[in-house]
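Colleague: Could you take a close look at one part of this assembly for me, the place where two of the chains meet? I'd like a walk through it in plain words.

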Amino acid sequence: MSSLPLGSRIGALLGRMGLKGRVLVIAIPTVWLLIFFLIPFLVVAKISFSVAAIARPPYLPIVEWVDGFFRISLNFGNYLFLLEDPLYVAAYLGSVKIAGVSTLIALLIGYPMAYLIARSEPDRRNLLLMLVVLPFWTSFLLRVYAWIGFLKGNGVINNLLIGIGIIDEPLVMLQTDFAVYVGIVYTYLPFMILPLYANLVKLDEAYLEASADLGARPITTFFTVTLPLSLSGIIAGCMLVFIPAVGEFVIPALLGGPDTLMIGQVLWNEFFSNRDWPIASAVAIVMLFVLVIPIMLLRWAQSASEGENQ
Amino acid sequence: MSEAISMSDARPWADPTAAPFLQIKNVTKKFGDFTSVYDVSLDIYKGEIFCLLGGSGCGKSTLLRMLSGFETPTSGQIIIDGQDQAGIAPYDRPTNMMFQSYALFPHMTVEKNIAYGLKRDGLPKAEIAKRVSDILSLVQMDGFAKRKPNQLSGGQRQRVALARSLVKKPKLLLLDEPLGALDKKLREETQFELIKIQESLGVTFVVVTHDQEEAMTLSSRIGVMTAGEIVQVGTPREIYEYPRNRFVADFIGSVNIFEGRIAEDGESHVIVASHEAGLDIYVPHSISGVIGQKVAVAVRPEKVQISKGDLGNLRNKLTGTIDEIAYMGDASVYQIRLDNGKRLRVTQTNLTRSEESTLNYGDRVNLGWDGSAGVVVTS
Amino acid sequence: MKRKSRFLMIVGILGFTFLYAPILSLVIFSFNESQLVTVWGGFSTKWYGELFRDPQILDAAWVSVRIALASATLSVVIGTVASFVLIRFQRFRSKTLLSMMITAPLVMPEVIIGLSLLLMFVAMEGLIGWPGGRGILTIIIAHSTFGAAYAAVIIQSRLVDMDLSIEEAALDLGARPVRVFFDVTLPVIAPALMSGWLLAFTLSLDDLVIASFVSGPGASTLPMVIFSKVRLGVSPDVNALAAIIIGVASLGIIVAALQVNRSNKMSQS
C-alpha cells in the first residue's frame, strides 16, 4: 500500500467506506423485512405445534425448562385435526373453487372490456381507463357493502324485478355462493382489465390487417392471432384476481352464507371466535404450503420465462 | 473528407520527442469469459481529436468507459497527463464525457445542467454564472438557459450536452457517438462546429463513432477497432489510402479486392499475379513478403477508370460488362462483371450534365487504374 | 379496424354499468330520508349530519388517516431503498432473499400476514418487552411492510426504465454516489415515489383484515368500525360515509388525470 501514490490510497479508503455504506443501505430493507415478514412465519410455524390453553398468550410453550433439561414437546395434533375434520379440507377446496370460477368470470367480462378500451381513440381510451381504475381508489369494504343493498330480499335488484313484473317473490341472492362470486368479480375486475389492456394496446394492428389480408375472418383472426399474443396479459390478469380471491375474508363474511366455505374466513373464525391460536397457525401454515408457495413458484417461473423471451 | 484541422504545427505523433498526453498501455478488459478490449496500447497527444472507429461490439465504447472511470481495466494502465488513473473514481478524474443519449438531467434547466459540474467543484456563484453564460454563447445557445431538456430539439440538446461536458475544462473530453442522434444534414453542419470549438478551447478529444464519414471529418487521427483490438492507427488519409489489411480497407469506404500471389517483389514495386482479376497487377510500393505468398490488392472504386473507348497507357487494364448502374446524382456507381465472373464496383463522378448516360446495361467496357491506385494488403 | 363490433359495445356498456351501478346507488341512497336503505323516502341530508356527530366514526377516521400517512411514508422509504439496492447493486449475498421478501407480500393472503405479525408482536413482547401493547404503532408497522411491497413494484419499474447514463453523467461531472442519488436519481423517479405513496396510502386506509389482527383495544381504524356496523346490517350513515369517500377519490383522480394530461402536453410541445 505504501508504494501507491496518495491519490489511489485515498481512493481505496473511500472504496472501503463506500462498502460500509453499501452494507448499511442493504441492511435497512433486509432487516425490516426479516423481522416483520419472514421471522413471523417461523413464529406461526412454532405455535402451530403447540397446544391451545386458557392463558396469556393462549397456548402452551413448546420448549420448557424441566428438571435441568429443555423439554421440547411438538404437538402434531393440530395438523391431524385439520385432516380429520372435513370442514378444513372442504374450506381449502372451496376457496380454490370459488377463486377459480370468479377468475374465469372476470376474464370473460374483462377481456372484451379491455379489448374495447384498447381499440378506442386515445382520448376516450384514457377516460375509460380512468373509469376502470377509479373504483379501486374508493373503499373496498364499502364497495362490497354496496352489494348488500343490491342483493338482499328487499334490495335494489329484487325491487326492480318485482316492479317490472318479471318475478313475484324476491329472489334469495344475499348470503349465497352466488353473492360471493358477484362480490369477487366486482372487486377484482379492474385487476383483470388493466394487465389485459396493457397487453392489447401494444398489439400492432398490422398483425390484424395482415391476418385479414391473408384471408382470415375477424373471428378466426381473434382466435389465431389476438388471443395467443395476449396470453401473457391473460395469465397476469388471472393471477392478480385469483391470488387475493383465494385468501379472501371480507367478501364471504359479508355476502356469503353459512355454507360458504373459504379458508380465509375459517382462519379468522378460529382466531377471533374460538381463540384457538395453534389451530389458526396450523391453518395458516397449510395454506402457505398448499396455496401460496405454489403460486409464488408459478409467478417466478412465469417471470423467468418472460425474461428469457426478451 | 479532408484533414480539417490545420497541420502546420500539429503532427506530434510524428515527432519522437513529443510526450503523449494520454497513454493507454496494454489495456485489456474482460467481462467474465468475454474479452471486450484486448491489449490496446495508444498514445494520444495534446490537442488531438482522436476517433475510435469500429462496428458495434468492437470494444470502442468499453475503452472510452475505462478512460472515464466507469469500467476498470482487467489489466494494463491508463495515464492522463502523467498521472496513473488506477483506482481514481469517475468523479475525481480530469475527464468529462458527452454521452450518446446526452444524459441531460430531465428535471433541471439547461443552466442548472451546465452548472452542475461547476457546483461540485465548489466554485463561487458569480464565476459559475459567468462560465455558464460563456459556454452557452460558445455553443450558440444563449437564450435557452431557462429551458428544460424536453423543450429542446435534438440538435439543441446535443449542444447543451457538449457545453455541460466542456464547461469544467477537462483535460480530456470523451465523446460517445456525439452526432449519432442527429439527422444527416444537421450532423454535417455540427461536425465542423465541433472542430471549431475544439480548436478554440484546445481540449483533447477522444471520440467514439461507428460512422466512418464522421471519423474522417473530425479526426486528427483514427484508431480502427475490431473484436477488441486496434487494427490500424493513422490520419484519415493514411487509413483510407493505405489500409493495412482487408478489414480496414473494407470498413472504410468501399473497395475492390483482388486475391492473388506475389509474383515479383522489387525494390520499389510488387507484381501480384491475380487469378481473380486475370491479370498481373502492378503496385508501385514494396512490401516485406516472399514470392508465392498469398496477398490481395485493394483498389478503391473511384480510382478505377471506365470507358467504352481506349484508356491509354494505364498499368493495369481489364475488360468487363456492365451489370448494374446506380445513379446517385453527384456520381454513378457501376457494377461490372469480368469475364471470369468476378464482380467489380466502379464509381464515376458525373462531370457533365446530361439526360442520357453514355454507358448502359450490358455494354462492354474497358477498365483500368494507374499503378499507384492499388495497395497490397497482406492479412 | 376502428369500427367496433356491436358485441363489444354491449359488453362495454354492461361492464361499466356493473362497475358503477352499486356505487351510484350508494350515493343516491345516502340522500334518502328513510331508514330503509333501499326504499326511497324523499331527499334528505340528515345522514350526513348524523355521520359528523358520530364520535366513533370520526375518531376511527382520524386514526386511519394518521396510520395511512405514516405507513405510506415508511412504505416509500423502505420500498425505495429496497428497489435501489435490487436494481442498482451488482451482486450481494442476500439479494435473492431480499427480492423474495419484498415481492412475497403481494401474493400473501391478508389473513396470513395479519396472523403472523400479531404472533410476532406477542412473541417479541414476551422476549424484549417491545412493542408494549398493540395499537396504532403495530398497525403502522404492518401496513408499512406490505405497502413497501407495492411501492417497490412501481419504483423498481421506474428505476429499470431510467437511463443509467444520467447517473453516470452526474458521477462524471464530479458528484459522489450519495450526491448522485439525491441530486439525480430521486428527482427522476419522483413521480413513481408519488404513485407508490398514494397506493400505499390507499391500501392502508382500505385495510380491514391486517389491522384487525394487529390492533389493540384502543385503536379502531375506520374499516374496522364500518365492518362492525355493516355486519349488523345496512345503515344509511355508512352510505353517507361511502358517498364522501367516493367524492374525494373521484376528485383526486380527476385532478391527477388533468395534471398528467397537462404535463404530457407540455412535454409534447
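Modeller: Sure. In this predicted model, the contact between chain A and chain C draws on 69 residues of chain A and 62 residues of chain C. On the chain A side, the top contributor is helix 1, residues 6-47, which puts 18 residues into the face that touches chain C. As for what that face is made of, 53 of its residues are nonpolar, 11 are polar and 5 are charged.

Now for chain A as a whole. Chain A holds 13 helices and 2 strands, so to speak of helix 1 is to pick one element out of that set. Chain A has 310 residues, and 42% of them count as buried. Then there's how the chain folds back on itself: take the contacts in chain A between residues at least 6 apart in sequence, and 71% of them link residues at least 24 apart.

While you're here, chain B has a contact of another kind, between two of its own domains. The domain assignment splits chain B into domain 1, made of 12-94 + 170-247, and domain 2, covering 254-377. Their C-alpha centres sit 34 Å apart. Where these domains of chain B touch, 4 residues of domain 1 meet 5 residues of domain 2. On the domain 1 side of chain B, that comes to 2 nonpolar residues, 1 polar and 1 charged.

Terms used: Residues are numbered from 1 along each chain as its sequence is written. Chains are lettered from A and ligands numbered from 1 in the order in which they are written. This is a predicted model: local features need pLDDT of at least 70, side-chain atom pairs count only at pLDDT 80 or more; totals for chains, interfaces and linings use all residues. Domain bounds come from an automatic or database domain assignment. Two residues are in contact if their C-beta atoms, placed from the backbone, lie within 7 Å. Ala, Val, Leu, Ile, Met, Phe, Trp, Tyr, Cys and Pro count as nonpolar, Asp, Glu, Lys and Arg as charged, and the others, Gly among them, as polar. Helices (H or I, at least four residues) and strands (E, at least two) are DSSP runs, numbered from the N terminus. A residue is buried if 20 or more other C-beta atoms lie within 10 Å of its own, exposed if 12 or fewer, and partly exposed in between; C-beta atoms are placed from the backbone.
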